[in-house]
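Please look over the sequence and the model shown here. A short report on the fold, the strand pairing, the largest pocket and the aromatic contacts comes after them.

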Amino acid sequence: MHRKLFSLAVPAIFASAVFVSCQKEKPVTSEGTEVTTTKDGNQYVLDTLNSRVEWKGYKVFKSENTSHFGTITFESGDVTVKDGKLESGKFVADMNSLTSVDLKDDAEQLNKLNSHLKSGDFFETEKFPTSSYEITKVTPSAEGDYNTLLDGNLTIKGISKPVQFKANVSINEGVVSIATEPKDIMREEFGVKFQSPAENGVIKDEVSLQINVKALEKK
């Protein structure tokens, strides 16, 4: 009888583990737009050593004196180029790499802030170890300082929403470079709702994100 119960329990535990693992990779809720881009073209692989997300958060008023800023590195990504133009791309960020640059010379405060940002109060990285941006549409632009409009689905904490970035895209000698504008997103829309006590300064809902990636052509 004990052997029979054990044989039933093991598959059930395994199935539960697989379910939890899959939940980390799939959006919990999605308002993302349909992906109209394709992988029909030349394939490029993200250069993770030379790609990053730059972030900035603020208290009370958006100013340099009330901000923290830092980086998040990518764990993987790919880009497709068709007829010499960007066709598609998806970038997966390692949320456990999140760190504050402005506190890099103060180890105690740096560890304190990084740990808090990775906790359940903010990005809950143990449960949601990755975030991603998948391009759904690429539109050339001749206005302003950026040559491309990128429409895509941004996924943070398992919540996926459409976000458009202005970007400069260049393709040269087997390297694709994409540098977006700094873009404000509303963190509460992605389930990041923590607020500190008023006496410590109200944390703004806006978080500025800027994506800088390089991808190398597959040989």
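The report below takes these topics in turn.

## Overall make-up

This is a predicted model. The protein chain has 219 residues, and 37% of them are buried. Its secondary structure comes to 2 helices and 12 strands.

Along the sequence the order is α-β-β-β-β-β-β-α-β-β-β-β-β-β. The pattern opens with a helix, six strands follow, and then a second helix leads into another six strands.

## Strand E12 and its partners

Strand E12 spans residues 203-217. Several strands pair with E12, and the partners come from separate parts of the chain. E3 runs antiparallel to E12, with 7 bridges joining the two. Within that pairing, Val53 has Ile211 of E12 as its bridge partner. Strand E2, residues 42-46, is also antiparallel to E12, over 3 bridges. Here Leu46 is partnered by Ala215 in E12.

E10 joins E12 through 5 bridges, again antiparallel. Ala179 stands opposite Asn212 of E12. Val176 has Ala215 in E12 as its bridge partner, and Ala215 is also the bridge partner of Leu46. Strand E11, residues 183-186, adds 4 antiparallel bridges to E12. In E12, Val207 is the bridge partner of Ile185.

## The E9-E10 hairpin

Which strand does E10 form a hairpin with? The partner is E9, and 2 residues lie between the two strands. Glu173 sits in the turn and has a positive phi of about 50 degrees.

E9 covers residues 159-172 and E10 covers residues 175-180. They pair antiparallel over 6 bridges. Ala167 has Thr180 in E10 as its bridge partner.

## The largest pocket

The largest pocket holds about 790 Å³ of space. It is lined by 40 residues, and those closest to its centre are Trp55, Leu113, Leu117, Phe122 and Phe123. By class, the lining has 25 nonpolar, 10 polar and 5 charged residues.

Where does the lining come from? Strands E3, E4, E5, E7, E8 and E12 each supply at least two residues, as does helix H2 (107-118). E12 gives the largest share, 6 residues.

## Aromatic and charge contacts

How many aromatic pairs are there? The count comes to 2. Phe74 and Phe91 form an edge-to-face pair, 6.2 Å centre to centre with 70 degrees between the planes. Phe74 lies in strand E4 and Phe91 in strand E5, so this pair ties together parts 17 residues apart in sequence. Buried means under 20% relative accessible area. Phe74 therefore counts as buried, at 6%, and Phe91 is buried too, at 2%.

Tyr133 and Phe165 form another edge-to-face pair, 5.2 Å centre to centre with 85 degrees between the planes. Tyr133 belongs to strand E7 and Phe165 to strand E9, so the pair links parts that are 32 residues apart in sequence. Tyr133 is buried, with 3% relative accessibility. Phe165 is buried as well, at 1%.

A charge also meets a ring. The charged end of Lys56 sits over the ring of Phe69, 5.6 Å from the ring centre.

Conventions. Residues are numbered from 1 along each chain as its sequence is written. This is a predicted model: local features need pLDDT of at least 70, side-chain atom pairs count only at pLDDT 80 or more; totals for chains, interfaces and linings use all residues. Side-chain values use heavy atoms; hydrogens and water are left out. On a 1 Å grid over the protein atoms alone, a cavity is a set of points where a 1.4 Å probe fits but cannot get out, and a pocket is an open set with protein on both sides within 12 Å along at least five of seven lines; lining residues have an atom within 4 Å of a point. Grid points are joined across faces, edges and corners, and a volume is the space filled by probe spheres set on the points. Ala, Val, Leu, Ile, Met, Phe, Trp, Tyr, Cys and Pro count as nonpolar, Asp, Glu, Lys and Arg as charged, and the others, Gly among them, as polar. Two strands pair if DSSP finds at least two bridges between them. Rings of Phe, Tyr and Trp (its six-membered ring) pair if their centres lie within 6.5 Å; planes under 30 degrees apart count as stacked, over 60 as edge-to-face and the rest as tilted. Buried means under 20% relative accessible area, exposed over 50%, partly exposed in between (1.4 Å probe, protein chains only). A charge sits over a ring if NZ of Lys or CZ of Arg is within 6 Å of the ring centre and within 35 degrees of the ring normal.
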